[in-house]
Amino acid sequence: MTTSTCEHVSTLPEPPPDARTPEGCEDCLRTGGRWVHLRLCLTCGHVGCCDSSPNKHATAHHHETSHPVVRSFEPGEDWRWCYTDEVIV
């Protein structure tokens with residue numbers, strides 16, 4: 001996997017996952033949906049489901065908030081994605 005850098009990652013905090021949803025996608029848990037993989041917003045700690053999931057809540061969160069970078073919230077994975085620059089960082 002090739003990674004790049006972008007201006008957004010240098011200023012990001014690494015918040016803990018949202019305390020309301022340590023067990024999964026906040027939005028799917030609220031609506032009874034299901035998810036495939038989880039993503040953690042590095043701006044606010046929102047946990048959302050990936051684009052392989054039916055509702056794509058992580059991407060929807062980005063569109064609603066403009067928070068630029070998420071990281072995988074899957075065990076053993078540490079990659080990050082910048083929605084704004086569309087690169088793995």
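Good morning. I begin with one pairing: Arg39 has Ser72 as its bridge partner in strand β3. The model I am presenting is a predicted one, and this pairing is a convenient entry to its sheet.

Strand β1, residues 38-41, and strand β3, residues 69-72, run antiparallel and are joined by 3 bridges. Another of the pairings involves Leu40, whose bridge partner in β3 is Arg71. Strand β1 is also joined to β2 by 3 bridges, and these two strands likewise run antiparallel. On that side, Leu38 has Cys49 as its bridge partner in β2. The hairpin of β1 and β2 has 5 residues between the strands, and within the hairpin Gly45 adopts a positive phi near 90°.

Let me now place these strands in the whole. The protein has 2 helices and 5 strands, and along the sequence they follow the pattern α-β-β-α-β-β-β. The sheet is open, consists of 5 strands in the order β2-β1-β3-β4-β5, and is paired in antiparallel fashion. Its edges are formed by β2, residues 47-49, and β5, residues 87-88, each of which pairs on one side only. Helix α2, residues 57-65, lies across β1 and β2 and runs at about 120° to β2.

Two overall values complete this outline. Of the 89 residues in the protein, 44% are buried. Among contacts with a separation of 6 or more, 49% are between residues 24 or more positions apart.

I turn next to burial. Which residues of β1 are buried on its two sides? Leu38 and Leu40 are buried on one side, and Arg39 and Cys41 are buried on the other, so that both faces of the strand are covered. Leu38 and Leu40 also belong to the largest nonpolar core, which comprises 11 residues. The other members are Cys6, Cys25, Cys28, Leu42, Val47, Cys49, Val69, Cys82 and Val89. The elements giving two or more residues to this core are β1 and β2.

Leu38 deserves a closer look. Leaving aside residues up to four places away in sequence, Leu38 touches Gly24, Cys25, Val47, Gly48, Cys49, Arg71, Ser72, Phe73 and Glu74. Among these neighbours, Cys25, Val47 and Cys49 are listed with Leu38 in the core.

On helix α2, I should like to single out His61, which is located in that helix. Is His61 buried or exposed? His61 counts as buried, because its relative accessibility is 12%, below the limit of 20%. The side chain of His61 makes a polar contact with the side chain of His67, at 3.3 Å. Again leaving aside residues up to four places away in sequence, His61 touches Cys41, Cys44, His46, Ser66 and His67. Of these, Cys41 is one of the buried residues of β1.

The charged pairs come next. How many salt bridges does the structure hold? There are 2, and Glu26, Asp27 and Arg30 are linked by them in a network. In the first pair I shall describe, Arg30 and Glu26 have their closest N and O atoms 3.6 Å apart. Both residues lie in helix α1, residues 26-31, and are 4 residues apart, about one turn of the helix. In the other pair, Asp27 and Arg30 have their closest N and O atoms 2.5 Å apart. Asp27 and Arg30 both lie in helix α1 as well, 3 residues apart, again about one turn of the helix.

The partners in this network differ in burial. Arg30 is classed as exposed because its relative accessible area is 56%, above the limit of 50%. Glu26, at 12% relative accessibility, counts as buried. Asp27 is buried too, with a relative accessible area of 14%. The network therefore joins one exposed residue, Arg30, to two buried ones, Glu26 and Asp27.

Finally, I come to Trp79. This residue is found in the loop between β3 and β4, the latter spanning residues 80-82. The side chain of Trp79 makes a polar contact with the side chain of Glu77, at 3.1 Å. Trp79 and Val89 are 10 residues apart along the chain, and their C-alpha atoms are separated by 6.9 Å. Val89 is itself one of the residues of the largest nonpolar core.

Thank you for your attention.

Notes
Residues are numbered from 1 along each chain as its sequence is written. This is a predicted model: local features need pLDDT of at least 70, side-chain atom pairs count only at pLDDT 80 or more; totals for chains, interfaces and linings use all residues. Side-chain values use heavy atoms; hydrogens and water are left out. A salt bridge is a side-chain nitrogen of Lys or Arg within 4 Å of a carboxyl oxygen of Asp or Glu. Buried means under 20% relative accessible area, exposed over 50%, partly exposed in between (1.4 Å probe, protein chains only). Two strands pair if DSSP finds at least two bridges between them. Contact means heavy atoms within 4.5 Å. Axes are lines fitted to C-alpha atoms, for helices over the stretch in contact, and angles run from 0 to 180 degrees between N-to-C directions. A nonpolar core is a set of buried Ala, Val, Leu, Ile, Met, Phe, Trp, Tyr and Cys residues joined through side-chain atoms within 4.5 Å. A polar contact is a pair of N or O atoms within 3.5 Å; within protein, one must be able to donate a hydrogen and the other to accept it, and residues adjacent in sequence count only if both atoms are side-chain atoms.
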